[in-house]
Amino acid sequence: MKHLIKNPQDFWAGVMFLVIGLVFAGVAVTYKIGTAARMGPGYFPMVLGGILALLGLAIVVSAMREKNAGPAVDKFHWGPLFWVLMPVVVFGILLKILGMIVMGLFVVIVSSIASHEFRWRPVLLLAIGLVIFCSLAFVAGLKLPIPLCPSFSVFEQIAACRV
Amino acid sequence: MELLANLQLGFGVALAGTNILYCFIGVLLGTLIGVLPGIGPVATIAMLLPATFVLPPVSALIMLAGIYYGASYGGSTTAILVNLPGEVSSVVTCLDGYQMARQGHAGKALAIAAIGSFFAGSVATLLVAAFAPPLAELALKFGPADYFSLMVLGLIAAVVLAHGSLIKAVAMIVLGLLVGLIGTDVNSGVARYNFGLPELIDGVGIGPIAMGVFGFGEIIRNLEHGQKRDVFVKRVTGLMPTMEDMRLTAFPILRGTILGSALGILPGGGPVLGSFSAYTLEKKLAKDPSRFGKGAIEGVASPESANNAAAQTSFIPLLTLGIPSNPVMALMIGAMIIHGIQPGPQIMTAKPDLFWGMIASMWVGNLLLVVLNLPLIGMWVKLLTLEYRFLYPAILLFCCIGVYSINNAWMDVLLAAGFGVIGYTFGKLNCEAAPLLLGFVLGPMMEENLRRALLLSRGDPLVFVTRPISATLLVLSVLLLAIVLAPAVRKKREEAFVEEE
C-alpha cells in the first residue's frame with residue numbers, strides 16, 4: 001500500500017475531501033431534494049458534496065502517480081496543539097461561570113506551557129497585566145457583556161429550569 | 001463633476017472628528033499587527049470585530065479597512081528590518097529591503113516604501129472612486145443567473161491566482177461553500193447539518209472560522225519550531241532619500257502602482273500577486289538585473305507600491321458587487337452583515353455616506369500611515385525585539401475574548417478551537433486556507449442565486465448561457481481555466497511561485 005502513495009500530502013488531502021464530500025452528500029439526501037426549478041434544501045449541498053467527493057477522488061488518484069511525487073506529511077506536534085487549544089475550550093465552557101479574571105489568567109498561564117522556555121515569574125506578570133488590560137479595554141471601555149467575576153447564578157438558572 | 005461632489009461628501013464623512021479618530025486607531029493597530037509576527041490581518045480583523053460593535057457602521061468599516069492597509073504597510077517594516085515578512089504580501093520586499101538594511105540604508109528603504117505606498121494608495125483611491133460607480137450601476141442590471149456566473153468567475157480567478165495545487169484549491173472552495181450552507185435554509189426553514197445542536201441553527205460564523213484557521217492554526221505552527229528573529233538594525237537613521245533615489249524610483253513606483261491596481265481588482269490576487277509581479281517586472285526592465293537581491297532600491301519601491309495599490313483596489317469588487325476578492329474582504333462582508341448592511345451594488349445609492357466615506361478614508365488612512373510611521377519607526381523597531389513566547393498567549397486571550405463577544409456564544413469559542421485543529425491539519429496537508437474562506441462567504445449567496453435563476457427559467461440550465469452577461473462571464477471562466485491548464489503556462493506558474501517562496 002505504502003509504495004503506491006507517491007505524494008502522501010496530496011493523498012491524505014484527497015482522502016479528507018472524499019470523506020467530507022460523501023458525508024455532506026449523504027446527509028443532504030435525507031433532506032428534501034426537489035427539482036432544479038424548485039430546489040429543496042438538499043439539492044445544492046448534494047451536488048456540491050458530490051463534486052467535492054469527485055475532486056477528492058481525483059486528488060487521491062493523482063497522488064499515486066510517479067510524476068506527482070511529493071514530500072511526506074510533516075509530523076503532527078500534539079504538544080502545542082493541546083496546550084494552545086485546551087485552554088481555549090475551557091475558556092469557552094467556563095467563562096460564564098468563572099468570569100474573565102479567572103479564565104484570562106488560566107488561558108495565558110496554561111498556553112504559555114507550549115513555549116519552549118516556560119518560566120513562572122514572567123508568565124505570571126504577563127497574565128496579570130493582560131487580564132487588567134482586557135478588563136479595562138473590553139469590559140470597562142467597550143462595554144462588552146463579559147462577566148468579570150465568578151458567578152454561580154448560572155447553576156441557579158439551570159436548577160430553576162429543572163424545577 | 002459628480003466625482004468631485006461625491007468625493008467631497010466622502011471627505012466630509014471621513015474627516016468628521018470621530019471617523020478620523022477611528023481611522024487613526026485602525027491604521028495604528030494594523031501597523032502594530034503587521035509589525036508583529038504570527039498574526040495576520042484576517043485574524044486581527046476577526047479579533048477586533050466585536051470592538052467595533054459600539055461604533056456606527058461607517059466608523060466601524062473605516063476602522064477595519066484601516067487595520068487592513070495598516071497591516072500591509074507594517075509588514076514591510078518587518079521585511080526590511082528583520083528579513084521576515086510580517087504579511088505574505090511583503091515577501092518580496094525582504095529580498096532587497098533587508099539587503100539595503102544590512103548595507104546601512106534601512107532608513108532609506110523604509111522611506112521609499114512609505115513614499116511609494118502613499119503615492120500608490122492615492123492613485124488607487126482615485127481609481128476606486130472613478131470605477132466603482134459605473135461598475136455598481138452595471139451590477140444593478142445583473143439577474144440571478146448573471147450573479148451566479150459572476151461568483152463562479154470570481155472563485156475560479158481566486159484559485160488560478162492562488163499558489164499550490166489547482167485542484168486542491170478548487171476542493172477547498174467547494175468545502176468552503178458547503179460549510180457556508182450549515183444552518184437554516186432560508187427558503188424551507190430546514191436546519192441543515194446542525195447535528196441536532198441548537199447553537200448551529202444560525203450556521204457557523206465567519207469569526208470562529210477566521211480565528212481558528214488563520215489565528216490558532218498559525219500560533220500552533222509557529223510554536224512547532226522555536227522562532228529565532230535577528231534584528232539587524234538597532235537604530236534607524238537617514239530617513240530622507242536623496243534626489244538620486246527619487247529619480248531612480250519614480251518610474252518603478254509608477255509601474256508598481258499600475259500593476260498593483262490592476263491585479264488588486266482580480267479575485268484572489270490582491271496584494272500578494274501585485275507585489276510579486278511588480279518585482280519580476282522591475283527585474284526584467286532593469287539595465288543590470290544582477291543588482292536585484294543585493295539591495296536594489298527599485299526592488300523595494302515597486303513591490304511596495306504595488307501591494308498597497310492592490311490592497312486599495314481590492315475594495316472595488318466588494319463595494320460594487322458584494323463579492324470578496326480575498327479573505328480580508330470576506331471578513332469585511334461579514335462585518336457589513338453584522339452591522340446590518342447588505343453588501344452589493346445597492347450600497348452606493350442606498351448608503352452614499354458609507355460608500356464615499358470609506359473611499360475617502362482610504363486616502364486619509366494612507367496619509368496617516370506616512371505621518372505616523374516615519375516618526376514612530378523607533379517604536380516599531382523596539383516591538384520587533386518582543387519575544388514570541390510573551391506574544392502568543394496575549395494573542396490567544398484576545399482571540400478568545402473576541403470570538404466569544406461576536407455573539408456572546410460559548411459555542412463559537414469551541415468552534416474556533418475546532419477550526420484551529422482543522423486549520424493546522426490543512427497546513428500539514430499543504431492545503432491553502434484562503435479559498436475556503438471565500439467559498440464560505442459565497443456559499444449561501446451562490447445557492448440563493450442558483451435557485452432564483454432556475455426558478456425563473458423553470459429549471460432550464462440553459463439560462464446561464466443564453467443571458468449575454470452570464471454567458472460572457474462563464475466564457476471568461478472557461479478561458480481562465482484553459483490558460484492556466486495549458487502546459488506552458490502551468491510550468492511558468494509553478495516556477496513563479498517557487499521563486500516567491
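What percentage of the 163 residues of chain A count as buried? Keep that in mind while you work through the exercises below; the model is a predicted one.

**Exercise 1. Work out how chain A is built and whether it is a compact globule or more spread out.**

Solution, step by step:

- Start with the opening question: 35% of the 163 residues in chain A count as buried.
- Now list the secondary structure. Chain A has five helices and zero strands, and from the N terminus on the order is α-α-α-α-α.
- Next, compare radii. For 163 residues the globule rule gives 15 Å, but chain A has a radius of gyration of 24 Å, well over that value, so chain A is more spread out than a compact globule.
- Look at the outer dimensions too: along the principal axes, the C-alpha atoms fill a box of roughly 55 × 50 × 30 Å.
- Then check the domains. The assignment gives domain 1 (2–68) and domain 2 (78–155) in chain A, with 39 Å between their centres, taken over C-alpha atoms.
- Finish with the contacts. Take those in chain A between residues at least 6 apart in sequence: 68% of them join residues at least 24 apart.

**Exercise 2. Put chain B through the same kind of check: does its radius of gyration agree or disagree with that of a compact globule?**

Solution, step by step:

- Count the elements: chain B has 22 helices and two strands.
- Compare radii again. A compact globule of 501 residues would come out near 23 Å, and chain B has 22 Å, so the two agree.
- For the dimensions, the C-alpha trace of chain B spans about 70 × 50 × 45 Å along its principal axes.
- Burial: 61% of the 501 residues of chain B count as buried.
- Contacts: among those in chain B between residues at least 6 apart in sequence, 80% join residues at least 24 apart.

**Exercise 3. Describe the side of chain A that touches chain B, and find which element gives the most to it.**

Solution, step by step:

- Begin with the totals: 61 residues of chain A and 55 residues of chain B take part in the contact.
- Go through the elements of chain A. Those giving two or more residues to this side are H1 (8–30), H2 (43–62), H3 (78–112) and H4 (120–141).
- Pick out the top contributor: H3(A), with 16 residues.
- Sort this side of chain A by class, and you get 42 nonpolar, 12 polar and seven charged residues.

**Exercise 4. Zoom in on H3(A) and describe how H3(A) packs with helix H9 of chain B.**

Solution, step by step:

- Get the geometry down. H3(A) and H9(B), residues 206–224, pack at an angle of about 145 degrees, and their axes are 9 Å apart.
- Add the handedness: H3(A) passes H9(B) in a right-handed crossing.
- Name the residues. H3(A) brings Pro80(A), Leu81(A), Val84(A), Leu85(A) and Val88(A), while H9(B) brings Phe216(B), Ile219(B), Ile220(B), Leu223(B) and Glu224(B).
- Tally the classes: nine nonpolar, no polar and one charged.

**Exercise 5. Find Met329(B) and decide: buried or exposed?**

Solution, step by step:

- Locate the residue: Met329(B) sits in helix H14 (residues 327–338) of chain B.
- Apply the cut-off, which is 20 or more other C-beta atoms within 10 Å for a buried residue. Met329(B) has 24 C-beta neighbours inside 10 Å, so Met329(B) counts as buried.
- List the contacts. Leaving aside neighbours within four places in sequence, Met329(B) touches Ser314(B), Leu318(B) and Pro324(B).
- Last, look further along the chain: Tyr68(B) is 261 residues away from Met329(B), yet their C-alpha atoms are separated by 9.4 Å.

Note on methods. Residues are numbered from 1 along each chain as its sequence is written. Chains are lettered from A and ligands numbered from 1 in the order in which they are written. This is a predicted model: local features need pLDDT of at least 70, side-chain atom pairs count only at pLDDT 80 or more; totals for chains, interfaces and linings use all residues. Helices (H or I, at least four residues) and strands (E, at least two) are DSSP runs, numbered from the N terminus. The radius of gyration is taken over C-alpha atoms; the globule rule is 2.2 Å times the number of residues to the power 0.38. A residue is buried if 20 or more other C-beta atoms lie within 10 Å of its own, exposed if 12 or fewer, and partly exposed in between; C-beta atoms are placed from the backbone. Two residues are in contact if their C-beta atoms, placed from the backbone, lie within 7 Å. Ala, Val, Leu, Ile, Met, Phe, Trp, Tyr, Cys and Pro count as nonpolar, Asp, Glu, Lys and Arg as charged, and the others, Gly among them, as polar. Axes are lines fitted to C-alpha atoms, for helices over the stretch in contact, and angles run from 0 to 180 degrees between N-to-C directions. A crossing is left-handed if the near helix is turned anticlockwise from the far one by less than a right angle, and right-handed if clockwise. Domain bounds come from an automatic or database domain assignment.
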